Structure formats: structure tokens, C-alpha cells
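User: I'd like a close look at one part of this model, namely the second largest pocket. Start there, then walk me through whatever else in the fold deserves a bench biochemist's attention.

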Amino acid sequence: MPLSPKSGPRPQVFQPPQGDLAILPGSANPLLAQAIANKLEVPLVPCRAHTFSEGNVFVQIQENVRGRDVFVIQGVHKPVNDNFMELLFWIDALKRASAQQVTAVIPFFSYAKGDKKDEPRVSIRARVCADALEAAGCDRVLTVDLHSPQIQGFFSIPVDHLYGRRVLCDHIRSLNIPDLVVCSPDVGFAKSAVSYGKSLEANVVIGSKVRTDHTETVEVHQVIGNVEGKNVVLVDDFTITGRTLVCMADALKERGAKDIYAAVTHGVLSKGAAQRIGESRICKMFLTDTIETFEDPLPPNIEVVTVAQLFADAIRSIHDRTSVSSLFMK
């Protein structure tokens, strides 16, 4: 008698082999891409991006990527639109070259600030970008410190969201700063500041600030918590003009704080920001290398900490199909 479906041998489930790991460097983060490749002990995929005189962007992969598991490293920072379009073109080129899987590694996703319709007749820019990445053929996104973590829900593909405080806290702990207090510059970053506080075993205070318009000017109203006689580290996900951190540092000093530090994942630093921070009461500011080009030279009180190992660990886990959750430090 033939075997019944329940008693017969189970059919083999086909698992396609994982293609060779490949790291492709976009033009936005060449140094970080090389550092990640070095950590993973793989060569970078040779490629080139060229911008024609009229502004048209051309990309070309100069090596066979058929069947490979490709991670394209391309941040979306200034020039934001050029870098984003280049990322879309890399994804399209890789899919047309028959890459098995394409992961967009976006160290800084500038349009994450456009996460809601908070004024009449405005675009939800982050959602438009998410749709564009998927339409281009992106299979997965790997990024760090989205301004609004709920943007992960804008995608129907997997999004791995890492936290820059993992490396920033490691660096701050190595300095053995006594009597340390963590300060969030506003209520919006308070939850993340609490996570910094837990990691650094420090109390948390919260600043209250107001922006009256789109000119990026800031007014600090109060600081909730005691900082008298304490060393304070200001924490935030990104800084553009540096005004929030500088104004908050002044407010902390007025309330009796000793040394003021700052730890920020993304140093966007528009024109004049570096000088503003260099002349401020912030004795040391730590940035990660998610952005590696700046409008002005960095002053001596700004130090860059690399996230290459963090990204390398995440890429290795994704490629090997093992858990990435250990890297999602809450």
C-alpha cells in the first residue's frame, strides 16, 4: 500500500544557497565602506559613479555580481538628492546584474525628518523615499539612528535599525568621567537619553527648548533635573547647526554644571556649525563617521568615533542568516 501523506517521508524544502558576500561602496561614504570591508575581510566591489556636467548621475558595477549577496554603502546626506538618486541607481544596476539580494546600507537617512504631515499640504518625504527604494528593487535596509524609528513601518521589506549609542557609550565609558549625568536637549529625545543613562549608569535630566520657525533658531526654557557640580553629556541623534547643543550647554553651565560633553550619532554640521561648537562651552563632542565630509574643518573639541564594526557585525549576521537582535541595544 502507498504511504499516506502523514506517514510518508517529508518533502525536502529547498533553501537557495547564500551568494558570496559583496560590499559595494557608493560615493557618499567611501572611507566607511572601506573600513567595513576591512572588518569583514572582503574586498570592495570595483565600481564607479560619475556626474555629468548637467547633473546627470551615471553608475557602473565593474565586476560580476550575479547570484551574490550585495550590501551597497550609501548615505543620504548632503548633497541629499544626488546621494539618494545614486543609491536608487545602484540598487537598479545590481538587480539588473542578477544580484541575489540587495541590501541598502544607509548610514544617515536625511529624509527621516520628514516622517509626518505636521503642517497643511506637506509631503511625508520619508514615506516617498521608502516607496522609491522598494520600487528600485531593494530587498532590505540597514541603517542607524533614524530620527523617527517608526519609519521602519513605512517599508514592506525588512529594516534593521541599529543604534549609534552602542559605540558612543563604549567610548564615553573608556574616559572614566566622574559624576556623570546624561542630558536630553528636548523631550523628544528623552526616551533615548534614558537608554544612554542606563548604559552609562548615570542619571538623566531633560531640557526644554522651542523652535519658533524653520530658521533653526532655538530657545532653551528650562532644564528638568539637577546638574549642579556634575559633569554632563548632551546626547542627540543628529546636529545640523549645533545651536541646540550650544544653547543647552550654556543653560547647563548657568545651573552649576562642571564639564559639558556631547555625543551625537550624525554630525550633519552645516556651514558655521563646526566653528560654533568649537567656540562653545562643550569641552568635547563625539560624532560617529556616518557622515565623513563636512562644510568646515573640525575643531579640536570634536572627535569622530567609527561605527564600522557595528555595521560589519550586522552585515555578517544578515549574510549568515543569524540573529541581528543582539545589536539592537535598547
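Analyst: What follows starts at the pocket, then takes in nearby topics along the chain, a ring pair, some buried polar side chains and a few odd backbone angles.

Before we dig in, keep in mind that this is a predicted model, where local features need pLDDT of at least 70, side-chain atom pairs count only at pLDDT 80 or more, and totals for chains, interfaces and linings use all residues. Residues are numbered from 1 along each chain as its sequence is written, and side-chain values use heavy atoms, with hydrogens and water left out.

Now the pocket (an open set of points on a 1 Å grid over the protein atoms alone, with protein on both sides within 12 Å along at least five of seven lines). The second largest one holds about 290 Å³ of space, counted as what probe spheres set on the points fill. It is lined by 15 residues (those with an atom within 4 Å of a point), and His77, Lys78, Val80, Val268 and Glu295 are the closest to its centre. By character, the lining splits into 7 nonpolar, 4 polar and 4 charged residues. In that scheme Asp, Glu, Lys and Arg are charged, Ala, Val, Leu, Ile, Met, Phe, Trp, Tyr, Cys and Pro are nonpolar, and the others, Gly among them, are polar.

One of those central residues comes with a backbone quirk: the peptide bond running from Lys78 into Pro79 is cis, its omega near 0 degrees. Pro79 belongs to the loop that joins β4 (69–73) to α2 (80–96), the elements being DSSP runs numbered from the N terminus (helices H or I of at least four residues, strands E of at least two).

That loop between β4 and α2 also carries Gln74. Gln74 counts as buried because its relative accessible area is 0% (buried is under 20%, exposed over 50%, partly exposed in between, with a 1.4 Å probe and protein chains only). Its side chain has company, though: a polar atom of Gln74 lies 3.2 Å from the backbone nitrogen of Ser27, and the Gln74 side chain also reaches the backbone nitrogen of Ala28, at 3.1 Å. Both are polar contacts (N or O pairs within 3.5 Å, one able to donate a hydrogen and the other to accept it; sequence neighbours count only if both atoms are side-chain atoms).

Thr143 makes a similar kind of link from strand β6 (residues 140–144). Thr143 is buried, since its relative accessible area is just 2%, and its side chain gets to the backbone oxygen of Ile106 at 2.6 Å. Another threonine, Thr288, sits in strand β13 (residues 282–288) and is buried at 1%. Thr288 and His266 are 22 residues apart along the chain, with 6.3 Å between their C-alpha atoms.

On to the rings. They pair when the centres of Phe, Tyr or Trp rings (the six-membered one for Trp) lie within 6.5 Å; planes under 30 degrees apart are stacked, over 60 edge-to-face, the rest tilted. By this rule there are 2 aromatic pairs. Phe108 and Phe238 make a tilted one, 6.4 Å centre to centre with 50 degrees between the planes. The pair ties together distant parts of the chain, 130 residues apart: Phe108 is in the loop between β5 (101–106) and α3 (125–136), and Phe238 is in strand β11 (residues 231–239). Both phenylalanines are buried. Phe238 has a charged visitor too, as the charged end of Lys113 sits over its ring, 5.3 Å from the centre (the cut-offs are Lys NZ or Arg CZ within 6 Å of the centre and within 35 degrees of the ring normal).

Finally, two backbone angles and a loop lysine. Asn176 has a positive phi near 55 degrees despite not being glycine; Asn176 lies in the loop between α4 (165–174) and β8 (180–184) and is exposed at 64%. Arg321, another non-glycine residue with positive phi, has a value near 60 degrees. Arg321 lies in the segment after α8 (308–320) and counts as partly exposed at 47%. Lys271, in the loop between β12 (260–267) and α7 (273–278), is exposed at 59%. Lys271 and Arg121 are 150 residues apart in sequence and 29 Å apart in space, C-alpha to C-alpha.

How values were computed: On a 1 Å grid over the protein atoms alone, a cavity is a set of points where a 1.4 Å probe fits but cannot get out, and a pocket is an open set with protein on both sides within 12 Å along at least five of seven lines; lining residues have an atom within 4 Å of a point.
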